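Open the model in your viewer and keep the selection box ready. This tour moves stop by stop.

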Amino acid sequence: MKFKMTPDKLMIALFAIVLLVIPTTTLLLPKSERSENENRTLAKFPSLVNQVKLDKAQTLEEVIQAVKWDYIIDRKNPSFMDDFETYFADHLAGREIWVKTSNKMSAAMGRDEINGVYTVDGMMIETFRDYDKNEVQKSIDAINAFAERYSDIPMYFLLAPTAQEIYKPRMTSYSGVTSEKLFIEECAAKLKNVGYIDALGYLSGKSGDYIYYRTDHHWTSLGAYYAYCACAWQLGFNPIGLNEFNIETASSSFYGTLYSKTLDDSIAPDSIEYYHLANGEPKVTLTRINGDKIETCDSLYVREYLKTKDKYSSFTGENVPIVTIDTDVDNDKQLLIIKDSYAHSLVPFLSKHYSRITMVDMRYINTDLNHFITVRDYDRILFVHNVITFSEESYLKKLALTA
């Protein structure tokens, strides 16, 4: 009897693929620890036993007691099935294809926003909506208390807008985003004995320039240059003119954090650009401290990251607790920057004016800063954070640990 394909048989075949072939393939295929495109670590298979108890077990009864029975049976709290679903979804055969297809279908149905990323005019924009006012106030209080503790050191606060504030006119009126301008102004008004640096004022009106990446949440080197100009008069130096730099395109294939959330290939990749002084750069030594690990190099650009997905980390390297830049700028001026990663592309410009710059990332420090550096050695202290990071994370409260 000759086989004849019918619509019913086709549907059965498709369901068989979905229900049998894909799950079986998922379970049998080798598992990756990390998704490079999504720039994140994938879930591990959930353990059903308490490994410490199992290692000590000497009898069958002790082995049985090492099993996490509540974790297996109880569905009210996070359980094995919940974690297994996460693991299975992370390692689903052809997962990235499914994610891309789903996102393309959502875009075709008129959705402008996917996973907190708004796409308009060939650009991805991370959206800023709700925030915890009490947590933000705690961060501001921590800055004010730190400024009072070190009242003899001039301090400045740069709260960087994200692309949303610059490109908000392109977004629909019903997008429901919160005004970053108002947020920045409210935060600045609450500062005490801390100077406010208006980076937004320098970036506004520059939306026609390449000041934010299309696929990443950071500002570009050009955006960082305008922020550097905003810093200049408060920090006490004249900014170097844009025409005094040679621009090196270090990479033209950068897909950043926002691409990782959407896997939207319709947006053109970004370029990583380094700005070099035409008449010669200061000599530098970059020292990165991460626990007991200390790395040094003679450049502000860690070019090995250009070979990875996380190309933005080529600016001084990935986030670590302490980064120190020593230069041959002969003025004995030292700048301490308490920051998030927006500072990384800003520092190459600031480095032309200081003999030493130290960047501190409070996300990775849980003790007195003076265990790593001597705070009073610095002539000025600069806080650099972007609106979304500052509104979502309250790690600056740990400044209270610094005497």
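What follows is a walk through sheets, loops, cysteines and empty spaces in a predicted model.

**Stop 1: the eight-stranded sheet**

Start with the open sheet of eight strands. Colour its strands in the order 7-6-15-13-14-12-10-11. The pairing is mixed. Strands of a sheet pair through backbone hydrogen bonds, either parallel or antiparallel.

Where does the sheet end? Select 195–196 for strand 7 and 293–297 for strand 11. These are the edge strands, and each pairs on one side only.

**Stop 2: strand 14 and its two partners**

Now select residues 356–360, which make up strand 14. Add residues 334–339 for strand 13. The two strands run parallel and are joined by five bridges. Pick I338 in the view, and you will find V360 of strand 14 opposite. Then pick L336, whose bridge partner in strand 14 is T358.

Turn to the other partner, strand 12, at 322–327. Strand 12 and strand 14 run antiparallel, and five bridges join them too. T324 has T358 as its bridge partner in strand 14. Keep T358 highlighted: this residue bridges to L336 and to T324.

Is strand 14 enclosed or open to the outside? Four of its five residues are buried, so strand 14 is largely enclosed by the rest of the structure.

**Stop 3: the helix across the sheet**

Select residues 180–189 to bring up helix 9. Helix 9 lies across strand 6 (155–160) and strand 7. Compare directions with strand 6: the angle is about 165°.

**Stop 4: the three-stranded sheet**

Move to the second sheet on this tour. Three strands form this open sheet, in the order 3-4-5. Here the pairing is antiparallel. Strand 3 and strand 5 are the edges, each pairing on one side only.

Select 117–120 for strand 4 and 123–126 for strand 5. Four bridges link strand 4 and strand 5 in the antiparallel sense. Look for V117, whose bridge partner in strand 5 is E126.

**Stop 5: two loop residues with positive phi**

Most residues other than glycine have a negative phi, and most peptide bonds are trans. Two residues on this stop are worth a backbone check.

Select N115, in the loop between strand 3 (113–114) and strand 4. Its phi is near 55°, a positive value in a residue other than glycine. N115 counts as exposed, at 53% relative accessibility.

Next, select D332, in the loop between strand 12 and strand 13. D332 is not a glycine, yet its phi is positive, at about 60°. Its relative accessible area is 63%, so D332 is exposed.

**Stop 6: the cysteines**

How many disulfides does a search of the whole structure find? The count is zero. A disulfide is a covalent bond between the sulfur atoms of two cysteines.

Select C231 and C229. C231 is in no disulfide. The nearest cysteine sulfur is that of C229, 9.1 Å away. The cut-off for a disulfide is 2.5 Å. C231 counts as buried, at 0% relative accessibility.

Then select C187. This residue is buried as well, with a relative accessible area of 2%.

**Stop 7: the cavity**

Rolling a probe the size of a water molecule over the atoms shows where empty space is left. A search of the whole structure finds one cavity of 30 Å³ or more. The largest cavity holds about 40 Å³ of space.

To see its walls, select M123, M124, E126, T162, A163, Y212, Y213, D216, H217 and L258. Which element supplies the largest share of this lining? Strand 5 does, with three residues. E126 is a familiar name here: besides lining the cavity, this residue is the bridge partner of V117.

**Stop 8: the largest pocket**

Finish at the largest pocket, with about 620 Å³ of space. Its lining counts 31 residues. Select H217, H218, T257, N319 and S341, the closest of them to the pocket centre. H217 also lines the largest cavity.

Now show helix 12 (257–262) and helix 14 (387–392). Each supplies at least two residues of the pocket lining. Helix 12 gives the most, with four residues.

Definitions and conventions:
Residues numbered from 1 in each chain as written. Predicted model: local features only at pLDDT ≥ 70, side-chain atom pairs only at ≥ 80, totals over all residues. Heavy atoms only, no water. Pairing = 2+ DSSP bridges. Contact = heavy atoms within 4.5 Å. Axes fitted to C-alpha atoms, helices over the stretch in contact; angles between N-to-C directions. Buried < 20%, exposed > 50% of the residue type's maximum accessible area, 1.4 Å probe, protein only. 1 Å grid on protein atoms, 1.4 Å probe; cavity = no way out; pocket = protein on both sides within 12 Å on 5 of 7 lines; lining within 4 Å. Points joined across faces, edges and corners; volume = space filled by probe spheres on them.
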